[in-house]
Amino acid sequence: MHCIEILRIDATVNQHEYFRRISMQCIAVDPRRCRIDIVNAGHPYPVHYSARRGKCDILPIRGDLLHDYSVRAGGTPSWRQYGLEVEAGDMIVLVSDGLTEGHILRGDAYEYRFTAVVAKHTADGPAVIGQAILDDWKQHLRDEDSADDVTVVVVVLGGAGAAR
């Protein structure tokens, strides 16, 4: 995925008035080169779990929202492609802001607490890890269910860099 693809997507959604302020992430996995490329358009930062180091890193990849009038008024939106070298057993976790930002105004957002869940479930498959993250998020105290969507995507690199 190259930044040019984000430009094409942005140009497409800009043609339709009902699309406004869209966040998304694009990820391209190249198992032969053991490389992942990520472009972020206003989504929460992705998380990389390094199997070799046994640690999660929040990847501070920034990018403007798609079809955002506030950016249009002030200039051109910006996105950049971030390349990451990966190894067998590494994981990439992508989440929507419904998971990280709920109750942010009260100062009690869930944020990136799920990194501890990822580290605990490294031997489990992506479906189990994703469900464990959602279960942990549901246990986070809140007055009512979030009105925002909650999405979790877990990519685990298998042997010889193959993704599953």
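Strand β6 is mostly covered: five of its five residues are buried. The model is a predicted one. Neither face of β6 is left open. M91, V93 and V95 are buried on one side, and I92 and L94 are buried on the other.

**Strand β6 and its neighbours**

Strand β6 spans residues 91–95, and M91 belongs to it. M91 has a relative accessibility of 0%, so it counts as buried. Which residue of β3 does M91 pair with? Y49 is its bridge partner. The two residues stand 42 apart in sequence, yet their C-alpha atoms are 4.9 Å apart in space. Their contact is part of a wider pairing. Strands β3 and β6 run antiparallel and are joined by three bridges.

Strand β6 also pairs with β7, which covers residues 152–156. This pairing is antiparallel too, and it extends over five bridges. L94 of β6 has V153 as its bridge partner in β7. L94 is one of the buried residues of β6.

**The β3–β4 hairpin**

Strand β3 holds residues 47–50, and strand β4 holds residues 55–58. How many bridges join them? The count is four, and the two strands run antiparallel. V47 has I58 as its bridge partner in β4. Together β3 and β4 form a hairpin, with four residues between the strands. G54 sits in the turn and has a positive phi of about 65°.

The hairpin region also carries a salt bridge. R53 and D57 form it, with their closest N and O atoms 2.7 Å apart. R53 is partly exposed, with a relative accessible area of 41%. D57 is partly exposed as well, at 21%.

**Salt bridges**

The structure holds six salt bridges. Three of them are listed here.

| Salt bridge | Distance, N to O |
|---|---|
| R35 and D37 | 3.0 Å |
| R35 and E85 | 3.3 Å |
| R53 and D57 | 2.7 Å |

Shared partners join R35, D37 and E85 into one network. How exposed or buried are its members? R35 is partly exposed, with a relative accessible area of 21%. D37 has a relative accessibility of 10%, so it counts as buried. E85 is exposed, with a relative accessible area of 53%.

The salt bridge between E85 and R35 has its closest N and O atoms 3.3 Å apart. This pair links distant parts of the chain. E85 lies in strand β5, residues 81–85, while R35 lies in strand β2, residues 35–41. The two are 50 residues apart.

**The largest pocket**

How much space lies in the largest pocket? Its volume is about 220 Å³. The lining is made of 14 residues. P44, Y45, T100, E101 and Y112 lie nearest the centre of the pocket. The lining is mixed in character: five residues are nonpolar, five are polar and four are charged.

**An aromatic pair**

The structure has one aromatic pair. Y112 and F114 make it up, with ring centres 5.8 Å apart and planes at 45°, so the pair is tilted. Is F114 buried or exposed? At 0% relative accessibility, F114 is buried. Y112, its partner, is among the residues nearest the centre of the largest pocket.

**A loop residue**

T76 lies in the loop between α2, residues 69–74, and β5. Its relative accessibility is 71%, so T76 counts as exposed. Where does D64 stand relative to T76? The two are twelve residues apart along the chain, and their C-alpha atoms are separated by 9.4 Å.

**Drawing it together**

Strand β3 takes part in two of the pairings described. It is joined to β4 by four bridges, and to β6 by three bridges. Strand β6 in turn pairs with β7 over five bridges. Exposure varies along the chain: M91 is buried at 0%, whereas T76 is exposed at 71%.

Note on methods: Residues numbered from 1 in each chain as written. Predicted model: local features only at pLDDT ≥ 70, side-chain atom pairs only at ≥ 80, totals over all residues. Heavy atoms only, no water. Pairing = 2+ DSSP bridges. Salt bridge = Lys/Arg side-chain N within 4 Å of Asp/Glu carboxyl O. Buried < 20%, exposed > 50% of the residue type's maximum accessible area, 1.4 Å probe, protein only. 1 Å grid on protein atoms, 1.4 Å probe; cavity = no way out; pocket = protein on both sides within 12 Å on 5 of 7 lines; lining within 4 Å. Points joined across faces, edges and corners; volume = space filled by probe spheres on them. Nonpolar A, V, L, I, M, F, W, Y, C, P; charged D, E, K, R; others polar. Phe/Tyr/Trp six-rings, centres within 6.5 Å; stacked < 30°, edge-to-face > 60°.
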